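Okay, thanks for squeezing me in. I'll talk through some cysteines and a few strands, so have the picture up while I go.

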Amino acid sequence: MIGIHFCVLVMEQKGSGTSREQWRSIAFIVSLILLWSRASAQIRYSIAEETEEGTVVGNIAKDLGLEMNELKERGCRIVEGSTESESFFHVNQNDGILYVDRLIDREKVCHRSSVCLINLKTVLENPLEIHYVTIEVVDVNDHSPSFSGKQSHIEISESALPGLRLQLQAAYDPDVGQLSVQEYKLSSNDHFRLEVKDRGKDGKMPILVLLKTLDREKKKSHKLLLTAIDGGKPSKSGTVELFVDVLDVNDNMPLFTDDSYSVLLEENAPIGTTVINVNATDLDEGSNGEIIYSLGNNVNNRIRELFRVDPNTGDIIVQDLIDFELEESYEIDIQASDKASAPFRTDKSVLVKIVDLNDNTPQIEVTSFSRSIPEDARLGTTVALISVRDKDSGLNGKVICSFNEDVPFTLSPSTQDNMYSIVTKSSLDREKQAIYDVTIVAKDSGVPSLSSEKSITIIISDVNDNSPEFSASPYTYYVMENNSPGTSLFSVRASDRDEGDNSRILYYILRDGKENTKLNLFNLNINSENGDIMALKSFDFETLKTFQFHVVASDSGTPSLSSNVTVNVFILDQNDNAPVILYPVSSNGSAEGVEEIPRNVNAGHLVTKVRAYDADIGYNGWLLFSLQEVTDHSLFGLDRYTGQIRTLRSFTETDEAQHKLLILVKDNGNVSLSATATVIVKLVEPKEAFAASDVKSSAKADEDNNVTFYLMITLGSVSALFLISIIVLIAMQCSKSTDYTSKYLQETNYDGTLCHSIQYRSGDKRYMLVGPRMSIGSTIVPGSHANTLVLPDRRRTSEEVSK
């Protein structure tokens, strides 16, 4: 068609004498139109349904104006519109012919649609072109009209008047248009005729019309043949047999066999239980004499939920739970009706009385409840009020309540029925038990008896009836001297079995005057919240070795309760004092002295003795002597522990007259401290030595007197301090049990060196702060900085042997 229009256009243009430029423009426009028409060409074919496989539908290449080899080169492929039609057609790429792949059933593909179209897309690639192919499937008369059944029964009363119209069932034909049902025919008879009503797209509908009155006594049934014919050539048809049954006229009422009906029914009867059977009869024949039973029109919905009536037998049947507590009796109206087209009905009442069973458990309800009760509540205090009810009647509804366990409460019945109060029957103690899960058991008097339980939680509230308790009493702590000021040294802890503010504890130090001097000396403070104790100044073992104070723990209850504890503090020594040379000491205060000895002395002669003092104790005060410098090592020897300088051999003429000895004195601390002394030894002739010894003896006597004086003061101070410590410790240990006693024994050993050792007992162990001489078999306590020993307990050993 496009080609024809183009030719006409060319002819018209030639006739009008168009210029060459105009011809070129026209040719360009026409080429565009042709290109567009090729890219969107549409082809339409038509085939009949159920065409055999391999049937040629059309030549796509020819209709599109394509060469045969062009299909294959450009990759021609068919894209069908739905998955159901994917295998209906295929195209041969060699010749461009479209073939049928399989049989097409129009009724399946398009159902009852008047026009059945299958749309395909022909896709050519390189360049891309899409052409639409529409294939119309033409219907053929391949189906006959059919009815739903071979026979159909119709009932008409003998009293029906002529002109009665009855719509019959229409025939069905899957074909469409003229090939579907076009007319109906009825077999010849005297009583009926057939009308056909055209309902448009729904087809034609047959209607049976009564021509004259029927007489059941002459003929009970009429047989007719209904035929449906379609519009095909040749036409096809289907038939159905119509049986018209003449119904008898209903002229008798149904009658019940009994005048009244009454029955007893236990509640909770199983579903399906037959309550009673009612029976009625009808003198008519056939359906006019057949009885069906039903519930009366005035029966309420509740009865309809509980009971049903078997329409054939007249049995009244339970179909839901029967509960005496909801209703004690039911009056059920039963209706007996015959099966006539205009049925007669008769009503009868049935009385059903429900028998009570013990089927309800008692119900416990807490009407008033004090969830929390103070532990100091008086006996008889009401905790809760409960009510108990049972839906059953008589003994089945009589309830008795009790507790299922021993609790400090009792159930007291009130004057009102089924009311109880829970009251306290014994004293309460929150610290022993803070929560009571009380279970109340309610039991009825039915047979068998039913019971239920109700649990309530009673919380005992706290009263401030417990004082704080310290974790230890007394506390004993060992603290190293020279502690950092302001840091926590130790802590005391107290607990209170109460709760809340009653258990919130505040700490403070009791300052009673006696200990104020020592406490103020170190500015001892305590954290009121956690009991941590700190000193704002450092401890000095040489000044104070032990002290005692009291801490008070007070709760925050009203009124507040408190308790106190004694804290014993022992200061442990650190090596913070260097040795002090007591002899030799020169007039200018330096540790230097001159000793003159005769040249003729023998080996082992005592030249002099270096004396030193260390304020520390134990290992820290244990002094050791050593020769650092000496002019002749073969002449003099130094005792490591006593500081005595003795000759090792006799002097000879070749020995020098003067010798210088440098002595190092150091303690035994972890970080050792030391001091040095210089002794100059002069060798003199025996006569000079004798004269000098007289002069020196008097000078040395004065010097010894001074040294002795200093030593006495030092020993007296140390002894006094230790004596005070021993008295305090003895007093503390005496306040404890006999197994926790302490003994103190002061042993002062001064042999050129001031060293101290303290032995004491704590429980089943003996301790000793050691000096230079230690007992064999003693061990060092870990963490004591090597100045405390654990001694074997010989007393315990002897006791064990005696056992």
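So, cysteine 110: its relative accessible area is 14%, and since the cut-off for buried is under 20%, cysteine 110 counts as buried. Keep in mind that this is a predicted model. What does cysteine 110 join up with? A disulfide links cysteine 110 to cysteine 116, with the two sulfurs 1.8 Å apart. For anyone who wants the reminder, a disulfide is a covalent bond between the sulfur atoms of two cysteines. The partner is buried too: cysteine 116 comes out at 1% relative accessibility.

Is this disulfide right-handed or left-handed? The torsion about the S-S bond of cysteine 110 and cysteine 116 is about 65°, so we call the disulfide right-handed. And how many disulfides turn up if you search the whole structure? One. While we're on cysteines, cysteine 401 is buried as well, with a relative accessible area of 10%.

Okay, on to strands. Scroll along to strand S40, residues 562-572. Nine of its 11 residues are buried, so S40 is largely enclosed by the rest of the structure. Which strands does S40 pair with? One of them is strand S39, residues 546-555, which runs antiparallel to S40 over nine bridges. If you want a spot to look at, find serine 554, which sits opposite serine 562 in S40. S39 and S40 make a hairpin, and there are six residues between them.

S40 also pairs with strand S33, residues 475-480, and here the sense is parallel, over six bridges. The spot to look at there is tyrosine 475, which stands opposite valine 567 in S40. As a general reminder, strands of a sheet pair through backbone hydrogen bonds, either parallel or antiparallel.

Last stop, back towards lower residue numbers. There's an open sheet of three strands, in the order S9-S12-S11, with antiparallel pairing. Which strands are at the edges? Those are S9, at 165-167, and S11, at 192-198, each of them pairing on one side only. From one strand to the next, the twist averages 30°. Looking at one pairing in there, S9 and strand S12, residues 204-210, come together in the antiparallel sense over three bridges. Arginine 165 is the residue that stands opposite valine 209 in S12.

And if you're following side chains along any of these, the general rule is that in a regular strand they alternate between the two faces of the sheet. That's me done, thanks.

Definitions and conventions. Residues numbered from 1 in each chain as written. Predicted model: local features only at pLDDT ≥ 70, side-chain atom pairs only at ≥ 80, totals over all residues. Heavy atoms only, no water. Buried < 20%, exposed > 50% of the residue type's maximum accessible area, 1.4 Å probe, protein only. Helix = DSSP H or I, 4+ residues; strand = E, 2+ residues; numbered from the N terminus. Pairing = 2+ DSSP bridges. Axes fitted to C-alpha atoms, helices over the stretch in contact; angles between N-to-C directions. Disulfide = S-S within 2.5 Å.
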